[in-house]
Amino acid sequence: MSLKDLISPFYVWQRAFEKPYTQKRPIEDRPGAPRYRGFHMNSEDCIGCGTCETICQNHAIDMVPVEGLEQRSGDSGLRPRFDYGRCCWCALCVDICTTRSLRMSNHYAWITEDPDAFHFTAGTDAMPWNQNSLGYRRDDDYHLLVHERIDMQALGAEESVAGFDEVMKGYTEEQAVLEADRCVECGICVATCPAHMAIPDYIRAVRQRDYEAGLRLLYETNPFSSTCGRICTHRCETVCVMGYQGDPIAIRWLKRAIVDRVPAERYREILGDEVVENGRKVGVIGAGPGGMSAAYYLRRQGYAVTVYESQARAGGMLRYGVPSYRLPDDQLDKDLEYIRSLGVEVKFNTHIGRDVPFRQLIEDYDALFLAVGLNQPSALRIQGEEHPRVLSGLQVLDDVASGRDPGVGSKVAVIGGGNVAMDAARVSRRLGADVTVLYRRRIEDMPADPEEIHESQAEGCKLVQQAIPVEIKNAASTSQVTIVWGEAEMIADDKGGRPRPVLQEDRMHEETYDCIIAAIGQGGQLDFIPAEYRDRIEFKWNKFVPGEYQQTGLPKLFVGGDIANSRADAISAIEDGHHAARGIHRFLTGTLDG
Amino acid sequence: MANPIELLQRFGKNFAISEIHEQKADLTFFKVPKEQAVRLLRELRDDAGYTHLAFLTNIDWIEKGIFTLTYMLHNYDARHSLGMHVDLERDNAEMQSIHGLWAQAATYQRELREMYGIRFPGSPRLDEDFCLEGWDQIPPMRKEFDTAAFSLERFYSREGRGTEDPREHMKGLLYPTHTDEPSSGGQ
Amino acid sequence: MFEPNPPVDLSSGKYLKLWQGPQHPGITGNMSLELTTCGDEVVDCKTHVGYLHRGFEKLMERRTFIQNFPIVCRIAVPEPTFNEYLYAAVVEELAGIQSPERAEWIRTLNLELMRLASYLMWLGGIGAAFGQSTVYQWTVTHRDYILDLFEEMTGARVYHMYIVPGGVRGRLPEGFEGRCHEVLNRVEKLLRDVEKVLFNNVVFKARTKGLGHIPREMVDPYGITGPNQRAAGFARDLRKDAPYLVYDQLEFDLITATESDTYARAWVRYQEMHQGIRMLRQCLDRMPKDGPFQARMPNVLHWQVPAGETYAKAECTRGEYGYYLVTDGSEYVRRVHVRGPSYTHAIALMEKLAVGTNIADIAGLMVSLHTYPPEIER
């Protein structure tokens, strides 16, 4: 034993006079660190996708409806409710939150005598920490989800304007699986999809490379999957939760990824071809997406279905309005052929009213579904528009689809901002013309799909925004035409509507073209319905206003498609047809009144 | 040191060594039949420098009807580990004890007895409770033991819990009639 | 190698059964020793565990790979981050993911801070076990300063959940390096005081020297690792022998002793704390200040790790800590085995060493082996 060992321990006294280390909680406040994982907060950005619930390994989160909160497209109306008897404050829910609305405060003390109090809905229940500015949130450079979309191979702009080959090449299997892997399977998109397709389920099928299961899922709600996999307006993608921090899932391309991997010959084997006839017959007017969709689902129920089509081929606007570089004919045929193979009869080149009276159909069939679409181009309503070099966009597209030369010349102006305008412009580019698109509002206001706008620009179409046509005049040559247009200013709407273009009379332009293609919209033509029936049907702006299950005031008559909805796209027509099929079945089995 | 593959090939003359897999530079897995396992462990320990038993554990391959024991050995001089697999019949699983080779093995074997029901005859205190006291269910680490079902049966949940699926919730409120498919005639 | 302790005839009236634990303050966590004593001397010892069994290995089999990340830290309460690191390491290895260099430095910093915090708590424990409670108060306070650092770095004081498969969960906070240096300086100063008060203390020396001697020959047959084996003269340390993270870029000395008793083990740990501070300073000065800290990850919600198996290990304060992971290609773990050093130290070794020890020294002996019951039971 050394003397040092005896004395050394008394060194302990040196620290006896130090200030105590203890912090005097709760007399003194001791806030958590700036990134402390304290109690949960949720902002108004939450859309109730439930991904927080999915990742919670403690089952501490329930998705519950919140009073006063309405569900709408893109928001389930549910909010996460936390059970602090189970939570471990790992913050995986914060990390995975698709909108980054979920956060944690640095508040960590909650004292109450009521043990059931530790159960609350973050963000909507009033909590003392709701306004805390500090606390854990996900670092910008840390991700548990993949935010960038997998690119799809496409023809370059030069290649694509050289012909009518399909521009988008489709995903390879590996690309499709990677893109499908990004999906969080929340299902928010299903409500927004007009056909309410089982989107998360078929995306999972892609991820699992099970294309047969995928195809069956697609056909539950959409018999135009090859078509919609290419040209759908994909409203689903606008609400996809992955879009909040990056790119939405390429839902449309993933649908295509399934159909691209199943050859047409296998459809009957995978989807079945058995039809048990029920002895009743239904007539369908129009072989577009709406009519053929109704025909498909009715046929599946055992109805004898006859479709009347005025054109020589089926497909309607998909055939005559969508150019083949977006939707190749064989892909549309793939969808149509399977429907027809089930025994759906199509009578081509048959005009109702001219070849067959409407009255005969309504009397002969147990029920009738009408989806004749909009095929009358809207007038420009300016002086001189009857000039022979003013063509309609629909006519140009129809000519090209039917193999005729629309004769657009080499310098073309397209008027309009919708998909028909974009397609007319791109078709004209392919026919070798210089193309200028005149649109009365701004480019961001264009109703056309963003991809179409982007691709038309890439292909060399010149987009002129805020350009209002004023007059059409004869040009020096009879094979040409002159347009006078004026620049517009966007004036804010006092009532809160979208800004309105106002013509600036001092900024007028005059330009001569080989032709002008008017594509500002389409209207319907319903003259073939005799007045005695028309009086019993509700119309608005020359369109049908259908009731429940697409039924009209004429109980046997169900309607759908562009002539009966305001969305005027293929997927809405498909759902109208499907829904009318449900309605017709109910009507004929006595569960839907006339 | 000898390359682990060469080493295993050398032992392979006397032992039926199979499924050699080099996971990384310092870790190699292989399989040996149950009857030869303990003899091989002794030789690896005494003749090849694998003196350290890091752990002994079991993997349940319920779909194949086997248990796979993993003996993790380490050679400090060669800085190399060997993971030795031994397959047992899942029903009535029994294995020779190695508590004579490594003292701590008795604890591992006692745990495997409790958690998987594997018997190691002769292993000290084998049948004494290890982590569990008064356990009357099947050995809980076996795959067929369902922890969620067990806890739902034994414990109660907090009142007021209940969740909704966003997709179903939106369907019920936004488009209820768009999903009532009639019974199908053809499909 | 297994030699049972000699049988005891309880009916002879010479013996007393005594339970130490599970709540005895001299036990490092909730476990108990069933002691048979003859007078002051322990003649038999059986370790009983199970008070902390939560079935983590089973729970992990029914959680996805990302869902396991928050629960693994709970397997060793005073030193949770080794679980986080090793779980991340085995998953990354089988998934073919390489965490970025910056993350590797941050992980090393995190693990060494954890080691220091854990050793501080242990140092207090060994002091208290031999009547030097002041040391306990000092060291636990200083551990709290480190927990403050963890709080600002990770968002939590104890269960950090910061080392995630793929990297780490966030960058270091603004000004962290400076505050960390400050805490290291305070701890270093404290350690010098503790050396005077504890290691140069006649009482401590008298009670710990010669206590719980582990013969060299016992080390491998009992699976003894870490400071317990280094105090027995083995120059083995995974940070040197199988460098992981950035340990091959750090300078530090491997500490050994030969006496292999309680004092030697304490002294080895004490010196390792100094080496730890040395490494931490190197980390703070040399770590990259920018760049990614997370590898590119798949969508973790349905992350499937290819079928395979591996074992990764790290040198924690108690020795070899390891994760053995078996995957089958699904979204779930097939099997995880957590190898904690206390498994053998607190059971096979403790039961052996306790025999012949004075009853008053049992707590100190136990602490000198540095065992954490939760990692035994998992």
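Two strands count as paired if DSSP finds at least two bridges between them. Strands themselves are DSSP E runs of at least two residues, helices are H or I runs of at least four, and both are numbered from the N terminus. This is a predicted model, where local features need pLDDT of at least 70, side-chain atom pairs count only at pLDDT 80 or more, and totals for chains, interfaces and linings use all residues. Residues are numbered from 1 along each chain as its sequence is written, with chains lettered from A and ligands numbered from 1 in the order in which they are written.

Let's start in chain A. Strand β12 (residues 411-415) is joined to β13 (residues 434-438) of chain A by 5 bridges, and the two run parallel. V414(A) has V437(A) as its bridge partner in β13(A). β12(A) also pairs with β18 (residues 515-518) of chain A, again in the parallel sense, over 4 bridges; here A413(A) is matched with I516(A). Helix α18 (residues 419-430) of chain A joins β12(A) and β13(A) in a right-handed β-α-β unit (with the strands pointing away from the viewer, the path from the first strand over the helix to the second runs clockwise). As for cover, 4 of the 5 residues of β12(A) are buried, meaning that 20 or more other C-beta atoms, placed from the backbone, lie within 10 Å of a residue's own.

Over in chain C, there's an open antiparallel sheet of 3 strands in the order β6-β7-β8. β6 (308-316) and β8 (333-339) of chain C are at the edges with a single partner strand each, so one side of each has no neighbour in the sheet. β6(C) and β7(C) (residues 319-327) are joined by 9 bridges, and one bridge pair puts E309(C) opposite V326(C) of β7(C). Helix α3 (residues 81-95) of chain C lies across β6 and β7 of chain C, at about 150° to β6(C) (axes are lines fitted to C-alpha atoms, for helices over the stretch in contact, with angles from 0 to 180 degrees between N-to-C directions).

Finally, chain B. Its secondary structure comes to 5 helices and 5 strands, running α-β-β-α-β-β-β-α-α-α from the N terminus on. The radius of gyration of chain B is 25 Å, well over the 16 Å that the globule rule gives for 187 residues, so chain B is more spread out than a compact globule (the radius is taken over C-alpha atoms, and the rule is 2.2 Å times the number of residues to the power 0.38). The C-alpha trace of chain B spans about 75 × 45 × 30 Å along its principal axes.

Methods:
Contact = placed C-beta atoms within 7 Å. Buried ≥ 20, exposed ≤ 12 C-beta atoms within 10 Å, placed from the backbone.
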